[in-house]
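User: I would like a close reading of one part of this protein, set out as a single connected account. Please begin from the structure shown here.

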Amino acid sequence: MASNTATMGHLPSGAGICTTIPDILYVPELIFGGLVWILVACTFVVPQNPQGWVMCVSVFCFVMTFIWLVVFACGSHHNSSGWAAADFIYHGIAAFFYLSASVALAKVTLDLKSNPPTQDYKLDISAVVFSYVTTLLYFIHTILSAIRWKSF
């Protein structure tokens with residue numbers, strides 16, 4: 001852990017993104033965000049507006065996080081403090097978007113509750129859990145990115 005905190009003042013590139021904090025969170029963000037995307041896409045989308053927002057957020061954050069991962073892996077950031085600030089801002093926006101989508105998805109899921117539970121309800125419950133986990137990952141990444149940005 002000492003090596004991770006000592007390197008907070010620079011942006012990693014290459015395989016270094018798999019060993020440094022907060023960049024190690026890219027892969028779990030992609031996995032859990034992809035699960036939210038898949039689970040919501042598998043359900044019957046009613047009502048359309050909140051479910052559409054969840055799909056928009058999950059697809060947008062999945063694509064942007066993948067692009068962000070590639071930029072960092074290729075070293076295109078050139079260890080610039082501007083990229084550290086952009087990393088903090090992007091993950092803050094993603095955490096906010098995912099929180100809003102998670103709340104909307106939880107509300108829709110509560111409205112779908114039936115006895116016995118349907119397949120769509122079970123998929124929505126799973127999507128809500130993964131959505132909140134993804135929100136937490138983005139929030140932790142935001143905090144750690146802010147610490148890194150301030151250490152430049």
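User: Is Asp87 buried or exposed, and what is its relative accessible area? Please look closely at this residue, at the salt bridges around it, and at the parts of the structure that bear on them.

Analyst: The model is predicted, and what follows is computed from it. Asp87 is buried, because its relative accessible area is 0%.

Asp87 forms a salt bridge with Arg148, in which the closest N and O atoms lie 2.6 Å apart. This pair links distant parts of the chain: Asp87 belongs to helix H4 and Arg148 to helix H5, with their positions 61 residues apart in sequence. Arg148 has 1% relative accessibility and therefore counts as buried.

Arg148 also has a second acidic partner. Asp23 forms a salt bridge with Arg148, with 2.7 Å between the closest N and O atoms. Here too distant parts of the chain are linked, since Asp23 sits in the loop between helix H1 (2-6) and H2, whereas Arg148 is in helix H5, 125 residues away in sequence. Asp23 has a relative accessible area of 2%, so Asp23 is buried.

The protein has 3 salt bridges by the rule applied here. The remaining pair to describe is that of Lys107 and Asp111, whose side chains meet in a salt bridge at 2.9 Å, N to O. The setting of this pair can be read from the helix itself: Lys107 and Asp111 are 4 residues apart in helix H4, so about one helical turn separates them. Lys107 is partly exposed because its relative accessible area is 48%, and Asp111 counts as exposed because its relative accessibility is 53%. Asp23, Asp87 and Arg148, by contrast, are joined into one network by salt bridges that share partners.

Asp111 also offers a view of how far the chain extends. Asp111 and Ser151 are 40 residues apart in sequence, yet their C-alpha atoms are 46 Å apart in space. The C-alpha trace of the protein spans about 55 × 25 × 25 Å along its principal axes.

The network can next be related to the packing around it. Phe72 is in contact with both Asp23 and Asp87, and with Arg148 as well. Beyond its neighbours within four places in sequence, the other contacts of Phe72 include Leu11, Pro12, Ile17, Tyr26, His77 and Trp83. Phe72 also belongs to the largest nonpolar core, which has 26 residues; Cys61, Phe72 and Tyr138 are those with the most contacts inside this core. The elements that give two or more residues to the core are helix H2 (26-41), helix H3 (48-74), helix H4 (81-111) and H5. Of these, H4 supplies the largest share, 8 residues. In soluble globular proteins, nonpolar side chains tend to be buried together.

Tyr138 shows how a polar group is accommodated in these surroundings. Tyr138 is placed in helix H5 and counts as buried, because its relative accessibility is 1%. The side chain of Tyr138 makes a polar contact of 2.6 Å with the side chain of Thr65. Thr65 is found in helix H3 and is buried, since its relative accessible area is 0%. Apart from neighbours within four places in sequence, Thr65 is in contact with Tyr26, Glu29, Leu30, Tyr90 and Tyr138. On the same basis, the contacts of Tyr138 include Glu29, Cys61, Thr65, Tyr90 and Ala94. For Tyr138 and Ala94, a separation of 44 residues in sequence corresponds to 6.6 Å in space, C-alpha to C-alpha.

Helix H5 also takes part in the surface. Leu136 lies in helix H5 (residues 119-150) and counts as partly exposed because its relative accessibility is 49%. Leu136, Phe139, Ile140, Ile143 and Ile147 make a nonpolar surface patch of about 450 Å².

These details belong to a protein with 5 helices and 0 strands, arranged along the sequence in the pattern α-α-α-α-α. Of its 152 residues, 39% are buried. Among contacts between residues at least 6 apart in sequence, 77% join residues at least 24 apart. The accessible surface comes to about 7700 Å², and 76% of it belongs to carbon and sulfur atoms.

To return to the residue in question, Asp87 is buried and is joined with Asp23 and Arg148 in one salt-bridge network.

Key
Residues are numbered from 1 along each chain as its sequence is written. This is a predicted model: local features need pLDDT of at least 70, side-chain atom pairs count only at pLDDT 80 or more; totals for chains, interfaces and linings use all residues. Side-chain values use heavy atoms; hydrogens and water are left out. Patches are made of residues with over 30% relative accessible area and no salt bridge: like charges are joined within 9 Å, nonpolar side chains (Val, Leu, Ile, Met, Phe, Trp, Tyr) within 5 Å. Accessible areas come from the Shrake-Rupley method with a 1.4 Å probe; for residues, only the protein chains shown count as cover. A salt bridge is a side-chain nitrogen of Lys or Arg within 4 Å of a carboxyl oxygen of Asp or Glu. Buried means under 20% relative accessible area, exposed over 50%, partly exposed in between (1.4 Å probe, protein chains only). Contact means heavy atoms within 4.5 Å. A polar contact is a pair of N or O atoms within 3.5 Å; within protein, one must be able to donate a hydrogen and the other to accept it, and residues adjacent in sequence count only if both atoms are side-chain atoms. A nonpolar core is a set of buried Ala, Val, Leu, Ile, Met, Phe, Trp, Tyr and Cys residues joined through side-chain atoms within 4.5 Å.
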